[in-house]
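Biologist: I'd like to learn how to read a model like this one. Could we start with a pair of helices and work outwards?

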Amino acid sequence: MSAPAAVVAEGLSKSYRKWGRTRAFGTLKSALLGRGFGAALAPSETVQALSDVSFTVARGETFGVVGPNGCGKSTLLKLVAGLFKPTAGTIAVTGKVSALIELGAGFHPEISGRENVVINGVMLGLTRKEIERKLPEIVAFSGLEEFIDEPVKTYSSGMYVRLGFAVAVHVDPDVLVVDEVLAVGDEAFAHRCLDTIADFSRRGKTIFFVSHSLALIEELCDRVLYLDHGKTKALGDPRETLAKYRMDVANEEGARLAREHKEEEKIFLEEIPPSPVPVEKPRRWGSREVEITGCRMLDVSGAERYAFRSGESVTFEIAVAPRAPLSDFVFGIGIFTPEDVCVHGTNTELDGFLPSRLDGPAVARVTLPACDLGTGTYLVDVAVHSRREAPYDYWRGACRFQVDSPDRSAGVYRPVRRWAFEGPIALERK
Amino acid sequence: MLKNLASLWRHRALVGVLVSRELKARYRGSVLGFFWSLLNPLLMLAVYSVVFAFIFPGRSASTSPYALFLFTGLLPWNWLAGGLTDAASSLTTHGALLKKILFPAEVLPLVAVAAQGIHFILALPVLGAGLALGAAGVLGPAVPVGWPLVQAVPLFFLEGVFVAGVGLLLAALTVHFRDVKDILATGLSLWFFATPVLYALPDIRSERLRAALLWNPATPFFEAWRDAFFRAVWVAPERWGILVLISFGAFLLGYAFFDRLRDSFPEAV
């Protein structure tokens with residue numbers, strides 16, 4: 001990293017005052033009657049939004065920030081943009097910063113688009129002359145020539161954002177701070193935004209990029225910072241950092257699903273009559289000659305888990321207890337998408353097993369050694385029924401699990417692929 | 001603080017465009033537009049003329065014609081009250097802006113005060129017409145009109161500095177204590193009666209009350225406005241000194257307070 005630094009953060013921390021019961025800023029009355037004016041302005045309880053984050057962004061680098069909601073991304077952006085002051089540590093930004101935090105912030109609804117552009121431009125640090133010179137260019141970029149003299153309150157939200165983006169990029173900043181702005185606007189505009197950002201990057205400008213679209217981050221960024229609870233979880237190569245982030249998200253999801261699963265078990269002890277079922281909501285029916293007492297999912301090591309990477313081994317475990325010993329039983333499972341498309345369904349009968357006895361509580365496990373599913377949430381039906389398909393206990397949506405696929409191929413099935421090419425053709429691995 | 005004042009000076013263009021936005025937006029959608037700035041005081045003058053000519057006639061000689069007397073006090077008072085009210089809520093109403101765009105926050109209260117100042121200026125033609133009528137004796141006893149009118153220029157500037165100072169203080173306070181807005185409404189009406197707007201200071205008979213009213217920092221301004229517009233006399237140099245002291249004192253105090261709390265605004269609004 002020989003290029004001079006555009007953004008240097010050292011030991012950056014930021015805490016917010018809490019607006020709890022002991023409101024730090026209550027009312028004037030409470031301040032005067034209570035602990036006194038000075039005390040009223042002093043923080044009592046704080047929330048740590050960022051703690052000890054350090055990084056350097058070189059000039060011309062595109063730097064991405066990822067993390068779950070509430071991890072401190074927005075706080076970091078506001079610190080970089082100079083809107084907030086750090087509680088501890090330092091942040092130094094070289095050059096002019098333009099923040100695309102909210103496009104069109106400060107547009108006044110009653111006055112025309114043209115006048116708003118001038119005001120917005122001056123607010124973002126241009127002189128009146130500069131903004132008036134750039135005005136035609138900005139209007140052309142936004143594609144709002146026909147409407148530019150109408151008051152902005154008549155604009156659609158898309159038009160609003162287009163005009164805001166047009167102003168923000170024409171301020172010609174050295175450091176561009178982009179927060180999730182590409183989530184708005186139509187496809188064509190999103191492409192134009194991306195082109196503009198790519199163009200910025202080519203011209204050696206520094207871009208500070210926050211998005212929940214990991215694909216976009218991977219595509220655009222040179223380096224990625226992964227924040228979690230205000231702390232640096234990983235920093236560096238986009239592929240590695242994002243892989244770590246994806247894995248953490250899947251595990252988090254799994255823990256949540258396992259908790260939900262426990263709750264569901266408690267709720268559905270009562271028999272519920274069959275009904276046309278909306279998915280997601282488990283429904284259960286059957287004669288209960290055999291009762292399903294539990295359903296779990298296990299990974300290759302036998303640990304209970306509800307989040308898997310595509311291709312991993314997945315085991316479904318069904319625990320049952322018969323009311324009386326019997327010899328006519330079939331175990332079945334079905335995997336469904338939330339849209340109720342059957343991904344796979346099988347039972348012991350179809351797989352060639354002939355039941356002979358079930359005398360007491362027992363457990364059945366079925367393992368899919370390579371669960372080649374695409375990214376998404378799946379629901380599992382489990383059932384015990386007679387060989388003539390009279391249900392003993394049929395449980396819809398007994399479990400839910402999450403699959404995360406490392407690549408971006410489409411569909412519920414993610415098989416292993418091998419490509420081959422013949423003829424005058426050349427491709428290279430990325 | 002000096003560095004921030006310098007940065008404020010660099011952002012004067014922003015104050016300019018925001019004031020013009022404020023004015024444009026206010027009358028956008030109304031048929032008469034800017035004309036309202038003229039029409040409002042005109043209607044006000046007409047109402048007071050009728051009321052005090054026919055309904056409550058017979059005031060003291062020092063305040064007649066009372067309609068004109070009242071008008072010369074109400075105009076600068078409306079600026080003061082309107083400016084402070086708008087300035088106090090300026091940071092909280094534009095809070096979204098403070099969180100998203102980097103610019104000196106003091107711009108917002110200053111814009112509020114300046115916009116009200118423009119309304120004051122737009123009402124001056126009506127005052128001019130009133131003075132012309134007053135000088136001709138149409139409204140009652142003829143009023144003197146003459147060169148002391150030019151004192152309005154420095155007075156306008158000084159009142160602007162004074163209102164800006166108090167406005168900055170109130171704006172900063174309102175961010176942390178939303179009750180300021182409510183207190184201000186009552187406070188302003190109390191202040192209104194404690195300021196020689198409805199009456200002339202020399203007409204107060206009680207010596208002690210008069211002395212007490214002199215402690216009101218707004219009193220010297222309104223006495224000076226009356227001297228310029230109504231009595232057509234020159235304001236003595238020592239009174240100018242007091243005005244300069246009050247206005248700049250208020251500004252420095254207000255600005256220093258604002259500056260101290262500045263960093264807390266984007267988070268607290």
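Modeller: Sure, and keep in mind that this is a predicted model. Start with helix H7 (residues 152-176) of chain B and helix H11 (residues 237-261) of chain B, whose axes lie 7 Å apart and meet at an angle of about 25 degrees.

Biologist: What does an angle of about 25 degrees make H7(B) relative to H11(B)?

Modeller: Angles under 35 degrees count as roughly parallel. H7(B) is therefore roughly parallel to H11(B). There's a handedness to look for too: H7(B) and H11(B) cross in a left-handed way.

Biologist: Which classes of residue make up the contact of H7(B) with H11(B)?

Modeller: You'll find 20 nonpolar and 3 polar residues in that contact, and no charged ones.

Biologist: Let's zoom out. How many helices and strands does chain B have?

Modeller: Chain B has 12 helices and 0 strands. Follow chain B from the N terminus and the elements read α-α-α-α-α-α-α-α-α-α-α-α.

Biologist: How does the radius of gyration of chain B relate to the globule rule?

Modeller: The idea is to set the radius of gyration beside the value the rule gives for that chain length. For the 269 residues of chain B the rule gives 18 Å, and the radius of gyration is 19 Å, which is close, so chain B is as compact as a globular protein of that length. If you'd like a box to picture, the C-alpha atoms of chain B fill one of roughly 55 × 50 × 35 Å along the principal axes.

Biologist: And what share of the residues of chain B count as buried?

Modeller: A residue is buried if 20 or more other C-beta atoms lie within 10 Å of its own. In chain B, 42% of the 269 residues count as buried. For chain A, buried residues make up 36% of 430.

Biologist: What about contacts between residues far along the sequence?

Modeller: Take the contacts in chain B with a separation of 6 or more: 79% of them come from residues 24 or more positions apart. In chain A, with its 9 helices and 18 strands, 72% of the contacts between residues at least 6 apart join residues at least 24 apart.

Biologist: Where do the two chains touch, and how many residues of each are in contact?

Modeller: On the chain B side 25 residues are in contact with 29 residues of chain A. Helix H2 (12-27), helix H5 (95-100) and helix H12 (265-268) of chain B each supply at least two residues of that side. H2(B) gives the most, with 7 residues.

Biologist: How do the residues on that side of chain B divide by class?

Modeller: They split into 14 nonpolar, 2 polar and 9 charged.

Note on methods. Residues numbered from 1 in each chain as written. Chains lettered and ligands numbered in written order. Predicted model: local features only at pLDDT ≥ 70, side-chain atom pairs only at ≥ 80, totals over all residues. Helix = DSSP H or I, 4+ residues; strand = E, 2+ residues; numbered from the N terminus. Rg over C-alpha atoms; globule rule 2.2 N^0.38 Å. Buried ≥ 20, exposed ≤ 12 C-beta atoms within 10 Å, placed from the backbone. Contact = placed C-beta atoms within 7 Å. Axes fitted to C-alpha atoms, helices over the stretch in contact; angles between N-to-C directions. Parallel < 35°, antiparallel > 145°, perpendicular 65-115°, else oblique. Left-handed = near helix turned anticlockwise from the far one by under 90°. Nonpolar A, V, L, I, M, F, W, Y, C, P; charged D, E, K, R; others polar.
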